[in-house]
Amino acid sequence: MPKHYRPPGKKKEGNAARYITRSQTLKHLQVNTRLFRKLCIYKGIFPREPKKKFRGNHQTYYHLKDVAFIRHDPILEELRAKSTYTKKVIKAKAKKNKELADILLKRQPEIKLDRLVLERYPHFVDALRDLDDPLTLVHLFAALPASDRLRIEVKRVHNCRKLSHEWQAYIARTHKLRKVFISVKGIYYQAEVEGQKITWLTPHGMQQVLPDDDVVYDVLLTFLEFYETLLAFVNFKLYHSINVKYPPILDPRLEASAAELYALSRYFDANSRPSEQVEATQSEEAELRLAQLQHQLPSNEPGALMQLVKGAGDENEEDEDTKECKELFKNMKFFLSREVPRESLLFVIPAFGGIVSWEGEGAPFSEADQSITYQIVDRPTQGHVYLSREYVQPQWVYDCVNTRIILPTEAYMVGRVPPPHLSPFVDNEAEGYVPDYAETIKRLKAAAENEILPMPGVGKEDLDDPQNLLAEGYITRAEAIEAAERKQKMMTLEKQYHDELKMELQGMQYSSSASDLDKQKSDEYMESREESLPDMPQISNDAADMSKLLMSRKKRGLYEAMKKGQERKKAHVDLLKERKKKIESAQKSSKKN
């Protein structure tokens, strides 16, 4: 009898008992593929990969527990009922009974996904962790045009726009925005809400083209239906955490002029007074509660009540990042010209403490206001110029936000080519290549914080032991010798300086012969050091080969893949350096001509 023989009627074992293919799942649930896809999106169920694919590699597998999870959910019956109701509408339209079809469409049942949101995210932190994709999709559909052919409704686009503006208004009001980066795809934002970093992408404010071939809009609309409910829950919770009523009621005049973010900020200002009253009543209740606790606590534990008060105070304090972001554009007034990305700047500038206005109806102040400090312009020339303000390009705002300092405006003035827009999501030290402008920004930040950085050309190799750096493969033998010479010279000069100071304090004169003697000793030391330097790269290569021989096949493969990744990164860095040299040489030749 074969080892894996199973008699007919015998219970299944292993992967065959735990997994089921998609075609078997459809038969088991008695649904079609479209309805099953919608169920999986609502419930958050994805295909699984069993270790042994018993029906072949071309099949899609699901876990039996996931299928049972769908089977016992009430939403399955609701979707079946809606599918049946849709067939009635189609039948009425086919019989050209327009009156009945209109009545059926008005009475069409709506499926509520509130229970599914609470089921998938039992805690608020879980919803925040999974908010990257919902925010990106909601911001995408907020910028898309409505289309009957693709079933993108006007009501849904307006709802996405409302939800996205409510989210941005909360982030700007609480100063939770941390990073901004403009790319070809759109504008990347990163905020930190309750300790969770949330990153999302918004499209550029231009006319969007809807492709027909590459995108399955039914799947996107199903995801969007669930994400709208999730984001409404999150906005409700966040607004109530700062004592603001949800949903907000906006000024229709500002909504008509596409200034929803400013309308939301005015709504926050109008609702701040009730919050102060709530805080006053809460503080009175807290004082009463503390007095009761003081009465109940034993007299030999005087520090217990202080710990309670300290813990309550720590919860209300803002973190250092929020304070820093709040003070960046403080006491600064910005005016936006017509050609700049208005929605993005209306979101970013107030998030960092600035006051902003624009050219149009409903603006808080006009262009002629003399208290404006910066005007954001994105055109080659500026006609009328006010001497009381500075004219800068939009990139200046985003670079200031990412560096957390007010950068000099000379490089960002009107008509000039701005510096490279560096991504705050890239760690230059880990990548192995630091752009020149990143070094400039680092020195500007150090100057703003009164820090002292090493001079250009003086790096870590001047302070570390060159022999260790050579052994680790950071520097070559010639560089190690040169670094050792520099280090010894610095040590000799430092010793000579201390000896001169000691002799001056004793009232003696430092003779030149003593200095010559020290110099001769240092030269002899360097010659001996150079002779004693072993061939470290060869030693390190031998040690690596020896350790590689002792590895298992799996570890050796991982090690080789890691080395290939390091070589690929190094080749990319070399390519960037080569491009930089070519650009510099081209600039020099153009200056000569």
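**Exercise 1. State how β6 and β7 pair in this predicted model, and find the partners across them.**

Solution.
- Start with the ranges. Strand β6 covers residues 333–336, and strand β7 covers residues 355–358.
- The two strands pair in the parallel sense, over four bridges.
- Take F335 next. Its bridge partner in β7 is S357.
- Then take F334. This residue stands opposite V356 in β7.
- Now trace the connection. β6, α17 and β7 make a right-handed β-α-β unit.

**Exercise 2. Place β6 in its sheet and give the strand order.**

Solution.
- Look at the pairing of β6 with strand β8, residues 374–376. It is parallel and runs over three bridges.
- F334 has a bridge partner in β8 as well: Y374.
- Assemble the sheet. Four strands form an open sheet in the order β7-β6-β8-β9, with parallel pairing.
- Inspect the ends. β7 and β9 (390–392) each have a single partner strand, so one side of each lacks a neighbour in the sheet.
- Add the twist. From one strand to the next, it averages 25°.

**Exercise 3. Decide whether the faces of β6 are covered or open, and name a helix that lies across this strand.**

Solution.
- Split the strand by side. K333 and F335 point to one side, F334 and L336 to the other.
- Check burial. All of these residues are buried, so both faces of β6 are covered; buried means under 20% relative accessible area.
- Find the helix. Helix α18 (residues 394–403) lies across β6, β8 and β9.
- Give its direction. α18 runs at about 115° to β8.

**Exercise 4. Classify the packing of α10 against α17, and list the residues that meet.**

Solution.
- Choose the descriptors. Two packed helices are described by the angle between their axes and the distance between the axes.
- Read the values. Helix α10 (residues 154–174) and helix α17 (residues 342–351) pack at an angle of about 25°, and their axes are 8 Å apart.
- Apply the cut-off. Angles under 35 degrees count as roughly parallel. Therefore α10 and α17 are roughly parallel to each other.
- List the contact. On the α10 side stand R161, H165, Q168, I171 and A172. They meet E343, F347, P350 and A351 in α17.
- Sort by class. The contact of α10 with α17 has five nonpolar, two polar and two charged residues.

**Exercise 5. Determine whether T322 is buried or exposed, and find its contacts outside the local sequence.**

Solution.
- Locate the residue. T322 lies in helix α16, residues 320–327.
- Test the accessibility. The relative accessible area of T322 is 2%, so this residue is buried.
- Leave aside neighbours within four places in sequence. T322 is then in contact with T174, H175, K176 and R178.

**Exercise 6. Audit the backbone at Q30, N243 and P247.**

Solution.
- Begin with Q30. Its phi is near 60°, a positive value in a residue other than glycine.
- Place Q30. It sits in the loop between α2 (22–29) and α3 (33–43). With a relative accessible area of 66%, Q30 is exposed.
- Turn to N243. Phi is again positive, near 60°, in a residue other than glycine.
- Place N243. The loop between α11 and α12 holds this residue. At 30% relative accessibility, N243 counts as partly exposed.
- Finish with P247. A cis peptide bond joins Y246 and P247, with omega about 0°. P247 is found in the loop between α11 (217–241) and α12 (252–256).

Conventions. Residues numbered from 1 in each chain as written. Predicted model: local features only at pLDDT ≥ 70, side-chain atom pairs only at ≥ 80, totals over all residues. Heavy atoms only, no water. Axes fitted to C-alpha atoms, helices over the stretch in contact; angles between N-to-C directions. Parallel < 35°, antiparallel > 145°, perpendicular 65-115°, else oblique. Contact = heavy atoms within 4.5 Å. Nonpolar A, V, L, I, M, F, W, Y, C, P; charged D, E, K, R; others polar. Buried < 20%, exposed > 50% of the residue type's maximum accessible area, 1.4 Å probe, protein only. Pairing = 2+ DSSP bridges. Right-handed = clockwise from strand over helix to strand, strands pointing away.
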